[in-house]
Amino acid sequence: MNLLIVDHSKLFQDIVGQIFRGADSQATAAHTGADAIAALSAANFDFICITLHLQDTDGIELARRIRKLPGYAYVPIVLFTAEKSGAVHQEALMNGVTEVFQKQDVDQLANFAARFVVRARQMEGRVLFVEDSAAQAAIISAMFVARGLQVTTLTTAEAAWDVFREQEFDLIVTDIVLAGQMSGLTFANRVRRLPDDRGDVPILAITAFDDMARRIELFYLGVNDYAIKPVVEEELMARVRGLLQNRRLTQEIKRRKTIAETAARLSNVMVAEFDEQWCWKDVPANLCTPLGGSESDFIGQPECRWVHADHLAEEAALRETMQLGDNLSSYAMEKRYCGHDGATLWVYFNAMVICNEQRKPVGFLAYILDISERKRAEIQSQLATKVFEVSHEGILVTNAERRIISVNRAICEITGYPETELLGNTPKRLSSNHHDAAFYQSMWHSLHNHGHWSGELFDRRKSGELYPVWLSISTIKDTRGAVTHYVGIHRDLSEQHSLRNQLQRFANYDALTGVANRFHLDQRLQDQLDAAKHRQGMLAVIFLDLDLFKRINESLGHPAGDRLLKEVARRLSALSAENDCLARWGGDEFALVCSDIHSADEAKARAESLLVKLAEPFQLDEHSIALSASLGISLYPDDGASSTALLKKAEIATHHGKTAMRGGYHFFRESMELAAVENLIMENELRSAIHEGQLLLYYQPQFNMQDGRLIGWEALIRWQHPRFGMVPPIKFIPLAESSRLIVELGQWVMRTACLQSRRWQSLGYPQVPIAINISALQFRTGDFFQSVKETLQETGITGASLELELTESILMGEEESVIGLLQSLKSLGVSLSIDDFGTGYSSLAYLKRFPVDRLKIDQAFVRDATHDPDDATIITAIINMAKSLRLSVIAEGVETAEQAALLMQCGCYEAQGFYYGRPGPAESMGEYMSNASLQPRSIPV
């Protein structure tokens, strides 16, 4: 066995290497994941040991990469860790690790490796595999080849029948439903009707049906065993191994009988004569032929020239002691003759001395009997006995009366019964009484009619424990066709059942929270719908989306977010009724199926109780977290009769609620679905608009209110749709945000604005910056700085011609990385401003850390400032804050002379708004450019 050990500790490498030393193993050590990948690419390994923590990666990630390497899909991988973590164990198994050991249990590794490698890889035999699905054929054929089996793969039963009649196979594996005129069952039945030994070849069927009627039909038509789709690799290979082993055992028993019968008929004794020097004088022709020589090759040659070296010393000793008279005038021994091209012949050699009248030896006479067949039978018998004893499957042999006459060690280990308590009893000693009479009637019907039966059942150990077992039974008959023995092979399926249950758990439940996943929810909801239809009742689906959960991950980190999701699931589970089904839909979304609902008011009450429970603060270490959620409710039968419809409409109601106002609950209404469809249509139209030239940029001028100078522009996107006309930004910007189109949209705005700036400068207009709005998604793409830099280079303008407007929310979370990005942008010469200032955090503590140039007062404060003292106070506070930080201030949304006068009175001298100029296309902005370049603009106050 070729072993790879991946660990940075030489001590641990030596320990593992020592465990395998002397077991025909060769160990290779790798210190890092990179070293391991290089070693795996350069050589083939049969077993891999990995430590969880490596210098350049972790063991689970390395296992996942190894599984993708050619030829390593099925090689066993053992992960060693010092941690007792079920999550680590689970993650490892899901990423291709075969088993997880703690480092202190390293002494168990040798037994595991020996058991796994022998059972998983050491198989012999020829398999005829019939499967019309190319994908399935490739996957399962690879499983067979990986275990050393010779596989012939065909797509139709007709082709398989033709090949089977011409070639010999040890096992047939066939899908039931095949392309062509002949099904897999018809093919199996034809094989069973063959009169010679070919009709006894074991057959394993692959089927998508697992009902009792189909299983009985399979066995009636001659199938030995079956596997259910989708095929589980280890289960399929275990079934294949059992069938091949059973076939070898029955063939061995038949072979022994044949050899015994042949030996009884042997009477052809050969006679040879030798001179006094033991050289051939006369050699029988039927001795020369099997050794590949002629009589002339033997005559005159020493007899020892043909004897195998293993027997020369024994034969020389016997000849030295051969004496005249009655003391020792002959000897007998079994030995091998060796001929040409490796030919060998086992013989029984009985020699006697030939004497003259003076009783002096003048030669020797030998009677030689060919015992090659007997020797081969003995070797095979010894091998079969060894296989019988060392097999990991339990083997039990009964006589025709079904009394146990032989068991191997494995059956005693599996059942807990010692050999003395099994011999002489019937297999009923192991019965669990778990199966009815019909089950056993079907079993014995198959044995009587086909000579074999295979299937899964429950037995009982001596301790009383029930356990699942795969049992294969074959009948042994004499030459007259009478049953002489039954051979049963037991395979304990406890581990496979445990693994199957784990896989079932992984498939149906969320790994983080432990509640159902969306696939299991769909199944449960469909079952509840069937029940509701039967009782003519109703049920509710409540979809729940946590509000602003992303901030938790951004501020406290994803581990804290995961802990919070677990606590949310625990609280929701506590409020779920017995027949309810709670599931994690994905991310921070949950869904609850309420089956015991009799009215919409009850659904409303359930939703309110969920909101109240979630409103209670969550404690994460020293942090107290307040959460809110948006809930959507759909009802059966009012909103649909299928799980898909109800889940979809509950989700639509939730997203409608989040759009309108976070928090609270909303029942589904048809108008919501229409709005969702409209949004989907608009989203698709927007994707096309970006590439079809439907987008426009409008520009709104910005002025210094003291001297009337044009100081800048703000670029505002517009969408001129060919059918819908001018689509307002308030309608398509949120769609762009939710679909992430905002990143592509933002890049288009930046490039178009920069090109316009270069165009104006080429016409001789003064250089003033164009401000563009930057979304949070665009800012956090990871390559935003590079995008700005390349756009400036491509359009040929300097950074002084560009101003980037950022919202306060963009600056929150991961402050160090944000500051670094802002400083990089400043190095390009661009200006940075905070848009809609005053509507977010507005904190002097955080503001002083960021290298921004200007604050932009939100128009909501400007609009009511002339008659709302609070808004005027807020404006004054923003201006004073800016002055303390040496930042400039600009107000947006200035529409009246009174507003302009108030702003100047408060100390704000820069503004934009309808009072000074409405947004418009670039070609209509020439007037502002010309006036700005000639004389200060006259601004009424």
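Two strands count as paired if DSSP finds at least two bridges between them. Keep that in mind as we walk through this predicted model, because pairing will guide us through its middle stretch.

Let's start with the whole chain. The protein chain has 35 helices and 37 strands. Its radius of gyration is 43 Å, well over the 30 Å that the globule rule gives for 941 residues, so the chain is more spread out than a compact globule. Along the principal axes, the C-alpha atoms fill a box of roughly 155 × 70 × 55 Å. Of the 941 residues, 46% count as buried. Among contacts with a separation of 6 or more, 61% come from residues 24 or more positions apart.

The surface and the charges come next. The protein chain exposes about 45200 Å², and carbon and sulfur atoms supply 51% of that area. There are 94 positive and 121 negative side chains, with the centres of the two sets 2 Å apart.

Now turn to strand β26, which covers residues 629-636. How many of its eight residues are buried? Eight of the eight are, so β26 is largely enclosed by the rest of the structure. In a regular strand the side chains alternate between the two faces of the sheet. Here, Ala629, Leu631, Ile633 and Leu635 point one way from β26, while Ser630, Gly632, Ser634 and Tyr636 point the other way. Both groups are buried.

Which strands does β26 pair with? Strand β21, residues 538-546, is joined to β26 by eight bridges, and these two run antiparallel. Strand β27, residues 664-667, is joined to β26 by four bridges, and this pair runs parallel. Ser630 is a handy place to view both pairings: Asp545 stands opposite Ser630 in β26, and in β27 the bridge partner of Ser630 is Gly664.

For a last stop, find Arg854 in strand β34, which spans residues 854-857. Is Arg854 buried or exposed? Its relative accessible area is 8%, and buried means under 20%, so Arg854 is buried. What does Arg854 touch, leaving aside residues up to four places away in sequence? The list includes two glutamates, Glu803 and Glu910, along with Gln702 and Ile711. Arg854 also touches Leu832, Ser833 and Ile834, as well as Ser888, Val889 and Ile890.

Definitions and conventions: Residues are numbered from 1 along each chain as its sequence is written. This is a predicted model: local features need pLDDT of at least 70, side-chain atom pairs count only at pLDDT 80 or more; totals for chains, interfaces and linings use all residues. Side-chain values use heavy atoms; hydrogens and water are left out. Buried means under 20% relative accessible area, exposed over 50%, partly exposed in between (1.4 Å probe, protein chains only). The radius of gyration is taken over C-alpha atoms; the globule rule is 2.2 Å times the number of residues to the power 0.38. Contact means heavy atoms within 4.5 Å. Accessible areas come from the Shrake-Rupley method with a 1.4 Å probe; for residues, only the protein chains shown count as cover. Lys and Arg count as positive and Asp and Glu as negative; His and the chain ends are not counted. The place of a charge is taken as NZ of Lys, CZ of Arg, CG of Asp or CD of Glu.
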